[in-house]
Amino acid sequence: MNCIFCKIIQGDIPSQKVYEDDLVMAFHDISPQAPVHILIIPKEHYSNILEVEESQKELIGHIFMIAKKIAREMGIHEKGFRIVMNCNRDGGQTVFHLHFHLLAGRQMHWPPG
Ligand code: 5GP
Ligand code: ZN
């Protein structure tokens, strides 16, 4: 499959890894939109959240627990952070392997662009 993030998981494309376990991997975004911009992705390929079934819902909880762990380890938890997941065209999704953005290090704005 021609998926950039699957290639990152396999090590075929280099990345700056910050976390890995059996289920997920986290690495720095190549084009950071904030001083901290990390992508957290499942190792299994899902094009986006629409492909995640009820039986796999614990994976999403796990990803949020890992986001929290990374936020603590990076010391961004007290000032705060934002987690973003884009889905399909109107959501602004450009890479079709499910991923969550962990953004921090500056004041976030609302509504998002
Ligand atoms: P999306 O717009 O799909 O929610 O986010 C995709 C993200 O993947 C973007 O923030 C983009 O900068 C990032 N990205 C795309 N290609 C690569 C890559 O090869 N390496 C890394 N580390 N990030 C990538
Ligand atoms: Zn993939």
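Is Cys 6 buried or exposed? Cys 6 counts as buried, because its relative accessibility is 12%. The close-ups below come from a predicted model.

**View 1. The zinc ion (ligand 2) and its four donor atoms.** Here the metal is held by two sulfurs, Cys 3 (SG) and Cys 6 (SG), plus two nitrogens, His 45 (ND1) and His 97 (ND1), at 2.0 to 2.3 Å. Angles between the donors run from 104 to 117°, so the arrangement is tetrahedral. For reference, the ideal angle for four tetrahedral donors is 109.5 degrees.

**View 2. Zinc donors along the chain.** Read along the chain, the donors of ligand 2 are spaced C-x2-C-x38-H-x51-H. One pair ties together distant parts of the chain: Cys 6 sits in helix α1 (residues 4–10), while His 45 lies in the loop between β3 (36–42) and α2 (57–74), 39 residues apart. His 45 has a relative accessible area of 22%, so it is partly exposed.

**View 3. Strand β3, covered on both faces.** Seven of the seven residues in β3 are buried. Val 36, Ile 38, Ile 40 and Pro 42 take one side, with His 37, Leu 39 and Ile 41 on the other. That fits the usual pattern: side chains in a regular strand alternate between the two faces of the sheet.

**View 4. The strands paired with β3.** Strand β2 (residues 24–28) runs antiparallel to β3, joined by five bridges; Ala 26 has Ile 40 as its bridge partner in β3. Strand β5 (residues 100–104) is also antiparallel to β3, again with five bridges, and here His 37 is partnered with Leu 103 in β5.

Terms used
Residues are numbered from 1 along each chain as its sequence is written. Chains are lettered from A and ligands numbered from 1 in the order in which they are written. This is a predicted model: local features need pLDDT of at least 70, side-chain atom pairs count only at pLDDT 80 or more; totals for chains, interfaces and linings use all residues. Side-chain values use heavy atoms; hydrogens and water are left out. Donors are N, O and S atoms within 2.8 Å of the metal (3.2 Å for Na, K and Ca); water is not among the atoms, so sites may look incomplete. Four donors count as tetrahedral if all angles lie between 85 and 135 degrees; four count as square planar and six as octahedral if opposite donors are over 155 degrees apart and all others between 65 and 115; anything else is irregular. Helices (H or I, at least four residues) and strands (E, at least two) are DSSP runs, numbered from the N terminus. Buried means under 20% relative accessible area, exposed over 50%, partly exposed in between (1.4 Å probe, protein chains only). Two strands pair if DSSP finds at least two bridges between them.
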